[in-house]
Amino acid sequence: MNTGLVHAVVRAGVVLCVAFGATRLDPAHAETAPATEPSLPAALIARASAVVDADTPRLVEMFKDLHEHPEIGFTEVRTAGIVARELRAAGFTVTEGIGRTGVVGVLANGPGPTVWFRADMDSNSVAETTGLPWGAPKRQRLADGREIDVMHACGHDAHVTWLLGFAKAIAALKSEWSGTLVLYGQPAEEPGTGAQAMVDDGLWTRGLPKPDVAFGLHTAPGPVGYVSSSPGVRMAGTDQLDVTFFGVGGHGSTPQTTVDPVVMAAQAVIAYQTVVSRSIDPQAAAVVTVGAIEAGRDNNVIPDRATLKLNLRWFSPAVRAQMLDRIDSINRGIAIAAGAPADRPPVRTMKGRADPLVNDAALVARLNPTFEALLGRGKVVSDFPAVMGSEDFQEAFVPLKTPYVFLLVGVAPPAMFAKAVAAGQPAPYANHNPDFFVDLDAIPIGAKVHTLAALKLLAKAR
Ligand SMILES: [Zn+2]
Ligand SMILES: [Zn+2]
C-alpha cells in the first residue's frame, strides 16, 4: 500500500485490501476453471443482464452520490441509511445498527439455501486528486474534533452500489430463484474491525438466517470486464499490534541519568527485520512492518516511553505464532540490554486482526462458467496469485465455517490499463492512492456478477 500518500489515521490502521505490487488482473493471467457445472441458461443471463442495464443510469447517479459523501469507518451513517432505504424498497426486511453502522436485509423467497452478500461501506483518509466532476477533495470532522481528508479510494462506494443494484434486480427476478438472500452493509473494513464488530454485536444470535454460503466483491485496478474468481488462499491473515517500551525520562543533555526508549524503539525496528529473514521458513510468506513510531515531543527531552505500531501478514497460524514469539523475545532482550526498569517490561497490545481469506474451490468451480458466459471467454481469471493484502470479509464467517467466495472486479478503463502495462507498470493506479477511481462502465458489472451468483446458488430445480 502506498502509505506515503495516506493520511496518518489510515496509516495507523490496518492497511488492507488488494496489493498489486507483483501481480495484476489482466488477460495474461486469464484462464477459466474447469467447468464442473454448466452455466446458467443463456436466456436467464440475458434477462438478468437486461434488468441491471435498465437500472444502470440510476446506479451511476447513486455511485456518484456515494463517492461525493465518503465516511470513515464506523461513521457510515449516511451510507448505511441509503443501504437500509434501498433494501427496504426492494422488499427486504432490514435491521440497522449492528456493529454501530452495519445494516442487514433479508429476503425470504421459498425453500432453499441461505446466501449472504456483503458490501463494505467505509472510505479512506486520502486527499483525492482524480479531478473527476464527482471527485472534489473532501474533509470529515470526527467526533473528537479532528478534521481529516476523506475519499473512497478503495472502491467501497462501488461495492455499495453493486449490492443495491443487485437488490433491486434480484427482487425483480423472484420467480427465477428459491431460498433466502441476506444482503448487508459492513462498517469499517479499512481498520479491519468492522466484521468483528458486527459479530460482537450479535450478528449470529439475533435470529437472522444463518448462511450456507457467503459472497463478496472487491474493486481492483484491472480492466473493466475482467474478474478474478480464483480458488484457495487469496489473501494473507493480518494482525496489528502496538509495542511500548518504557524507559526513564530526563534531560537531553544528561542521557547517563536516563534509559532512552527512543533508542530501544530504534533498535527494535532493526531487530524486527530479522524476524522474517532469519526465523521464518523462506518458503512461508510473511511480513513484519513498523508503520509508525510515537515517542516524545521536544528536541531536548528524553521521554519515558516509545510506542511502535506494527502490522503482520501471514498465511499460517504457526508462522503468526512464531513472529509474535520472536517479537516478544526481541523486546525483552532490548529492554534488558538497555537497563529498562524491571517492573515496567515492554507491553505488546493486540488490536485488529483477520484470518487469511480462502475461497471455497467447489463454489468457484460452480460459479465461474456462469461468470464466463456473462463476461466472455477468457475474462474470468481463475489463477490469480494470492496477495499479501488482507480483508476482514471472512471474519464474519470463520466462526460458522461458512464456505465463501470473494471476487476481484476490474474497474480501470481497458485502454488506460493496456497503456500502463505497455509502459511496464502492473496497473494504471492502485487502491488507496489519491488518483484511484472506478470507471463508470464497471457499475453494472458488479451488480450483474452478484445477481448471477445469487441466481446460480439459489437456482430452482429445472
Ligand atoms: Zn482498502
Ligand atoms: Zn477495500
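This passage walks through a predicted model of a single chain, from its overall build down to a few residues.

At the broadest level, the chain has 10 helices and 18 strands. Its radius of gyration is 23 Å, close to the 23 Å that the globule rule gives for 462 residues, so the chain is as compact as a globular protein of that length. The C-alpha trace spans about 80 × 50 × 45 Å along its principal axes. Of the 462 residues, 51% count as buried. Contacts tend to reach a long way along the sequence: among those between residues at least 6 apart, 84% join residues at least 24 apart.

Two sheets are worth a look, starting with an open sheet of 8 strands. Its order is β1-β2-β6-β3-β7-β18-β8-β17, and the pairing is mixed. At the edges sit β1 (93–98) and β17 (380–381), each of which pairs on one side only. Strands of a sheet pair through backbone hydrogen bonds, either parallel or antiparallel. Both senses turn up here. β1 and β2 (residues 102–109) are antiparallel, paired over 5 bridges, and threonine 95 has valine 104 in β2 as its bridge partner. By contrast, β3 and β7 run parallel and are joined by 4 bridges; in that pair, phenylalanine 117 finds its bridge partner in phenylalanine 215 of β7. On to the next pairing: β7 and β18 (residues 404–412) are also held in the parallel sense, over 8 bridges, with tyrosine 404 of β18 as the bridge partner of alanine 214.

How well covered is strand β7 (residues 213–223)? Mostly covered, as it turns out: 11 of its 11 residues are buried. Helix α10 (residues 443–457) lies across this strand, along with β3, β6, β8 (227–228) and β18, and runs at about 150° to β7. Another helix, α3 (residues 77–89), lies across β1, β2 and β6 (179–186), running at about 165° to β1.

Aspartate 122 gives a close-up of a loop, the one between β3 (114–120) and β4 (138–141). Being in a loop doesn't leave aspartate 122 out in the open: it has 25 C-beta neighbours inside 10 Å, and 20 are enough to count as buried. Residues that aspartate 122 touches include Glu71, Glu76, His156, Pro187 and Gly194, leaving aside residues up to four places away in sequence. Take glycine 194 as an example: aspartate 122 and glycine 194 are 72 residues apart in sequence, but 9.4 Å apart in space, C-alpha to C-alpha.

The other sheet has 4 strands. It is open, antiparallel, and ordered β12-β14-β10-β15. β12 and β15 stand at the edges with a single partner strand each, so one side of each has no neighbour in the sheet. From one strand to the next, the twist averages 20°. Inside this sheet, β10 and β14 pair in the antiparallel sense over 10 bridges, and one of the residues involved, threonine 238, has arginine 313 in β14 as its bridge partner.

Helix α6 lies across β10, β12 and β14 of this sheet, running at about 175° to β12. Valine 269 is part of α6. Is valine 269 buried or partly exposed? Partly exposed, because 13 other C-beta atoms lie within 10 Å, whereas 20 or more would be needed to call a residue buried. Not counting residues up to four places away in sequence, valine 269 touches Val290 and Leu308. Valine 269 and alanine 220 are 49 residues apart in sequence and 32 Å apart in space, C-alpha to C-alpha.

Then there's helix α7 (residues 317–338). At 1.5 Å a residue, its 22 residues should span 32 Å, which agrees with the 32 Å between its end C-alpha atoms. Which residues of α7 are buried? They are Val319, Arg320, Met323, Ile327, Asn331, Ile334 and Ala335. Seen down the axis of α7, these buried residues fall within an arc of 140°, so they line one face of the helix. The general pattern helps here: an α-helix has 3.6 residues a turn, so residues three or four places apart point the same way. On the other side of α7, Ala318, Ala321, Asp325, Ile336 and Ala337 are exposed. The cover over the buried residues of α7 includes α6 (261–279) as well as β10 (237–246), β12 (286–295), β14 (305–314) and β15 (347–354). Just after α7 comes glycine 339, with a positive phi of about 75°.

Technical notes. Residues numbered from 1 in each chain as written. Chains lettered and ligands numbered in written order. Predicted model: local features only at pLDDT ≥ 70, side-chain atom pairs only at ≥ 80, totals over all residues. Expected span 1.5 Å × (residues − 1). Buried ≥ 20, exposed ≤ 12 C-beta atoms within 10 Å, placed from the backbone. Arc of directions from axis to C-beta. Contact = placed C-beta atoms within 7 Å. Rg over C-alpha atoms; globule rule 2.2 N^0.38 Å. Pairing = 2+ DSSP bridges. Axes fitted to C-alpha atoms, helices over the stretch in contact; angles between N-to-C directions.
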